[in-house]
Amino acid sequence: MKMDKKIIIANWKMNPNSLKEAKTIFNDIKVVASKLQSIQTVICPPFLYLNELTKSYKGHRIKFGAQNIFWEEKGSYTGEISPIMLKNLKTEYVIIGHSERRSLGETDSDINKKIKIALKNDLKVVLCIGEKERDEEGVYLEFLENQIKNALNRVPKESLGKILIAYEPIWAIGAESKETATPLDVYEIVILVRKILSKIYNREVASKIQVLYGGSVNFKNAKELVESGNVEGLLVGRESLNPEKFNKLLKAVSE
Ligand code: 13P
């Protein structure tokens with residue numbers, strides 16, 4: 001579905017190291033993000049900073065997200081954070097199934113449980129999918145299909161309006177990545193994602209879901225990735241910790 005607003009999600013990952021720095025980065029981003037009508041900015045800081053940042057912000061242009069969630073609402077789960085806690089901190093989004101969490105052992109079944117509890121608690125889910133590498137035979141396409149099918153197992157179609165799918169090929173993520181996906185790579189996967197969703201649900205549902213791209217997005221490639229990649233938004237790592245560059249990125253996509 002073509003949305004009026006493009007959604008730009010800042011995934012700060014395990015950065016920065018102090019609340020003071022987090023506030024500085026946020027305040028610098030806020031100056032630009034709160035002026036852009038055509039962009040929905042979502043900041044996903046580490047859990048620890050969510051409380052302070054959400055409390056300090058009175059506007060409506062910026063939303064907040066978490067980078068993970070636990071699949072139970074409360075109880076004896078040392079070290080975990082529940083969906084209700086997030087809801088109480090004015091958190092609207094949650095990233096689920098990021099490849100960096102999958103590589104630490106998160107399974108499709110964990111991801112499926114997390115999606116269900118997030119939806120139950122009215123959080124918007126940013127479901128990350130992405131292959132480690134591409135192959136000539138197209139095995140990676142099947143891999144992506146399985147990731148989507150397993151993550152959405154028994155998720156009713158009525159909930160799909162609250163799910164965004166972020167295509168983040170692992171080979172394009174982070175400072176070590178040697179390549180960035182081209183807009184054409186992204187375009188093809190957006191079609192694939194919609195085809196898979198048509199098979200699981202129906203065409204109407206598939207056409208409505210928002211598909212995003214993430215992996216080495218910067219202020220120079222952002223606009224073309226959105227326009228020619230045909231995505232509704234971007235998931236940004238490194239560049240989102242540099243307010244000057246991130247603000248340029250926001251402006252570029254808004255033009
Ligand atoms: P980079 O933008 O640093 O490549 O990270 C992408 C990412 O993993 C966002 O979730």
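Here is a short conversation about the ligand site and two backbone features of this predicted model.

Visitor: What makes Asn 11 a polar contact of the ligand?

Guide: A polar side-chain atom of Asn 11 lies 3.0 Å from an oxygen atom of the ligand. The cut-off for a pair of N or O atoms is 3.5 Å, so this pair counts as a polar contact.

Visitor: How do you know that Ser 216 and Arg 238 make polar contacts with the ligand, and which part of each residue takes part?

Guide: For Ser 216 it is a backbone N or O atom, 2.8 Å from an oxygen atom of the ligand. For Arg 238 it is an N or O atom in the side chain, with 2.8 Å to a ligand oxygen atom. Both pairs are within 3.5 Å, so both are polar contacts. As for cover, the ligand has 310 Å² of accessible area on its own, and the protein covers 99% of it.

Visitor: Which residues surround the ligand, and what classes do they belong to?

Guide: Among them are Asn 11, Lys 13, His 98, Glu 168, Ile 173 and Leu 235. By class, this shell has two nonpolar, six polar and three charged residues. Glycine counts as polar here, so Gly 174, Gly 215 and Gly 237 of the shell go into the polar group.

Visitor: Where does the ligand sit, and what lines that space?

Guide: The ligand takes up the space of the largest pocket, whose volume is about 390 Å³. Its lining has 24 residues, and Lys 13, Ile 173, Gly 174, Gly 237 and Arg 238 lie nearest the centre. Helix 4 (99–102) and strand 8 (233–236) each supply at least two of the lining residues. Sorted by class, the lining has seven nonpolar, 11 polar and six charged residues.

Visitor: Why is the peptide bond from Asn 15 to Pro 16 worth pointing out?

Guide: That bond is cis, with omega near -10°. Most peptide bonds are trans, so a cis one departs from the usual pattern. Pro 16 is found in the loop between strand 1 (6–11) and helix 1 (19–33).

Visitor: And what makes the phi of Asp 122 stand out?

Guide: Asp 122 is not a glycine, yet its phi is positive, at about 65°. Most residues other than glycine have a negative phi, so a positive value goes against the general trend. You will find Asp 122 in the loop between helix 5 (108–120) and strand 5 (124–129).

Terms used
Residues are numbered from 1 along each chain as its sequence is written. This is a predicted model: local features need pLDDT of at least 70, side-chain atom pairs count only at pLDDT 80 or more; totals for chains, interfaces and linings use all residues. Side-chain values use heavy atoms; hydrogens and water are left out. A residue is near a molecule or strand if one of its heavy atoms lies within 4 Å of it. A polar contact is a pair of N or O atoms within 3.5 Å; within protein, one must be able to donate a hydrogen and the other to accept it, and residues adjacent in sequence count only if both atoms are side-chain atoms. Accessible areas come from the Shrake-Rupley method with a 1.4 Å probe; for residues, only the protein chains shown count as cover. On a 1 Å grid over the protein atoms alone, a cavity is a set of points where a 1.4 Å probe fits but cannot get out, and a pocket is an open set with protein on both sides within 12 Å along at least five of seven lines; lining residues have an atom within 4 Å of a point. A molecule sits in a cavity or pocket if more than half of its atoms lie within 2 Å of its grid points. Grid points are joined across faces, edges and corners, and a volume is the space filled by probe spheres set on the points. Helices (H or I, at least four residues) and strands (E, at least two) are DSSP runs, numbered from the N terminus.
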